[in-house]
Amino acid sequence: MPDLVTPQPGLGGNGDGPVLEVSGLRKEFGDLVAVDSVSFTVLQARSLAIVGESGSGKTTIARMIVGLERPTAGRITSCGRDRSSPARSARERRRRGSEVQIVFQDPYTSLDPRQTAEATIDEVLRLHHGWPKERRRARIDELAGLVGLDERQVRALPRALSGGQRQRVAIARALAAEPRLLILDESVAALDVSIQAQVLNLLADIRDSTAVSYVLISHDLAVVRQLTDDAIVLHRGVVVERGPTPRVLDSPEHEYTKRLRASVPRPGWKPRRGALLGAREDSGTP
Amino acid sequence: MSAVQAGAGRAEATVRSGEPLLEVEGLTVRLQVEGAQRSVLRDVSISVSPGEAVGLVGESGSGKSMTARAIDRLLPHGAEVSGEIRFGGADVMALSGAALRGFRNQVAMIFQDPRAHVNPVRRIGDFMTEALRTNLDVPAAEANRRAADMLGQVGIMDGERRLRQYPHELSGGMLQRVMIAAALLTEPKLLLADEPTTALDVTTQAEVMAILDDLRREFGLAMLFITHDLELAAAICDRTAVMYAGQIVEVRESALLHDDPLHPYTAALSAARPDIAQTAARLAAIPGRPLSAFEAPDSECAFAPRCPHAKDICRAENPELISLDGGLSRCARAIELRGHLLAGPAEDGQTDA
């Protein structure tokens, strides 16, 4: 009964073996190949960035990992167990939920408008750990402290919270399941600069204190630099470059990575038209 | 440039050289927010000279979009407006009817989400030529020809075909280029660009910005560029104004904004942004959250609760915008903090000692 010896999630134990392994992943939507032969590995307490623009397939990969899409081909393994095909039971779904959680981009649509932050987190604790009320209460306080929500905010409905506060609730909800891996799908993209810095610091703190791993899906290269160890660059469903994040950003090898890097506004940056138009393959028709 | 002849027979703004094209002075706007009349803009003054690009930077709720809407007379009903907006010397608030339409032909606006600003069931051509046909009485065939020409200017080569297409047949970046082309068709003197590239991919953003920058120079167009992205504004604007809680807190030559800011908020904003060239041990996050204009007190500096340099004087009164080293700063301690803002509060403490 291997299921009974589930490693203590998020607590650092059972460090050998990758937390997530993806190999030969492919997804077709009709004639369109959204994701093609994508492979990568995430080790414990490491962070991988999946860099790409709209249509690159990055969100489709995230949706396949959490089971919202079924891969056309390829294999996804988390903590040594296959998750390429749909879970057959509620128990199996819960087990998968305790390995991988996701935080979406838009904190305005990813929370239930009728549920307070407290109730949102409590539901996950009850479902995943089945703890008694007092223990859940204590853990809610811990998680709220970890993500920086005060007492009023914990009891508030999403509509009374700002975007940054909602994103903290979403992160606390994801952490409540004590996952080994957190997928951050553009999770800081919609936040104001001053709030984005707070959430990025928070994510770094959480990783240091829990040994959770991140898969950060982002188009923002500065955010990628700040939070990740390794990066893969995705273009039209295919990995065009991979390596340690500093290397990929400082000396990109693939043309597309170079173009991405050159498109980032910085002091002295002058957008040039000819260069970019020449490099366009996009006909402009979706 | 064939399209340049459309100006005949319409109200032209007469701008004498050296005078600003657009002048906003002491603009205060009050709106119904959560059941009460509240300030959303507080004493905003800004000017744009002919051909100049001015950035307007701020976080959510800072009032940057509201400023553009007030200038284009697009405020909701019931808005109380005080202060002055002058365009080419004319009082914009007093315009109505044909004069207002004439003004809007000279002040074009482009928005963040092009898809929300086109009618999805009308063809690109109808959308692009509407102002030419209805406001400037340009015959349809001529209007179509100008529209196709202008699409060429923004890098869309098969313009004739695009004019017959519907918005859903075009990608976001392509549609935003159509919006730019449409905005330029009436040969405006001023472009109000409200986060025009925020919804676009980075490579598409670079391309759209390049087009905007090129055409702006070619047509001698002035631009008020509204964005949350300090680096983007700094890269393409001559001057940048930074807004916080409905007020302008700093105006600075763009080239100096990042390395030599005048206001603690600008410095904090630069420092909070992660750097693509290096990983910081910790980002210098600004505590708290950005205040919306309507939440801000009138009796103290709105940024004081989040400011590492705040002292009693900052909580005693709302500072005036003062001239400093060629820029403007709304900070009671601006002069003593000069040159110490990027070093952070520790260094500042030493200066006071």
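This is a short walk through a predicted model with chains A and B, looking at how the parts touch and how some helices pack.

Okay, housekeeping. Residues are numbered from 1 along each chain as its sequence is written, and chains are lettered from A and ligands numbered from 1 in the order in which they are written. Since the model is predicted, local features need pLDDT of at least 70 and side-chain atom pairs count only at pLDDT 80 or more, while totals for chains, interfaces and linings use all residues.

Let's start with chain A. You'll find eleven helices and ten strands there; those are DSSP runs numbered from the N terminus, H or I with at least four residues for a helix and E with at least two for a strand. Chain A has 286 residues, and 44% of them are buried. By buried I mean 20 or more other C-beta atoms within 10 Å of the residue's own; exposed is 12 or fewer, partly exposed is in between, and the C-beta atoms are placed from the backbone. And if you take contacts in chain A between residues at least 6 apart in sequence, 66% of them join residues at least 24 apart. A contact here is two C-beta atoms, placed from the backbone, within 7 Å.

Now, how do the two chains meet? On chain A, 36 residues are in contact with 41 residues of chain B. On the A side, α7 (193–210), α8 (221–227), α10 (255–262) and α11 (273–279) each put in at least two residues. Which of the elements gives the most to that side? That's α7(A), with seven residues. Split by class, the A side has 17 nonpolar, eleven polar and eight charged residues. For the classes, Ala, Val, Leu, Ile, Met, Phe, Trp, Tyr, Cys and Pro are nonpolar, Asp, Glu, Lys and Arg are charged, and the others, Gly among them, are polar.

Stay with α7(A) for a moment. Inside its own chain, α7(A) packs with α6 (residues 163–176) at about 15°, axes 10 Å apart. Those axes are lines fitted to C-alpha atoms, for helices over the stretch in contact, and the angle runs from 0 to 180 degrees between N-to-C directions. So α6(A) and α7(A) are roughly parallel. The cut-offs are under 35 degrees for roughly parallel, over 145 for roughly antiparallel, 65 to 115 for roughly perpendicular, and oblique for the rest. The residues that meet are Gly164(A), Gln167(A) and Leu175(A) from α6(A), with Ile195(A), Gln198(A), Val199(A) and Ile206(A) from α7(A). That contact has four nonpolar, three polar and no charged residues.

Over to chain B. An automatic or database assignment sets the domain bounds, and it gives domain 1 (2–237) and domain 2 (242–276 + 283–352). Their C-alpha centres lie 30 Å apart. The contact between them takes 24 residues from domain 1 and 16 from domain 2. On the domain 1 side, β2 (36–48), β3 (53–57) and α8 (230–236) give two or more residues each, and β2(B) gives the most, with nine.

For a helix pair in chain B, look at α3 (residues 124–135) and α4 (residues 140–153): about 120° between them, axes 9 Å apart. That angle makes α3(B) and α4(B) oblique to each other. Among the residues of α3(B) in this contact are Met128(B) and Leu132(B), and α4(B) brings Ala143(B) and Ala147(B), among others.

Next, α10(B), residues 264–272. How many of its nine residues are buried? Eight of them are, including Pro264(B), Tyr265(B) and Leu269(B). What do those buried residues pack against? The list includes α7 of chain A, plus α8, β9 (239–244) and β10 (247–253) of chain B.

One residue to click on is Leu257(B), in helix α9 of chain B. Leu257(B) counts as buried because there are 29 C-beta neighbours inside 10 Å. Beyond its neighbours within four places in sequence, Leu257(B) is in contact with Leu230(B), Ala234(B), Thr240(B), Arg252(B) and Thr266(B).

Last, two backbone oddities. Glu187(B) isn't a glycine, yet has a positive phi of about 50°; its place is the loop between α6 (172–185) and β7 (190–194) of chain B. Ala245(B), also not a glycine, has a positive phi of about 50°, in the loop between β9 and β10 of chain B. Buried or partly exposed? Glu187(B) is partly exposed, with 18 other C-beta atoms within 10 Å, whereas Ala245(B) is buried, with 25 C-beta neighbours inside 10 Å.
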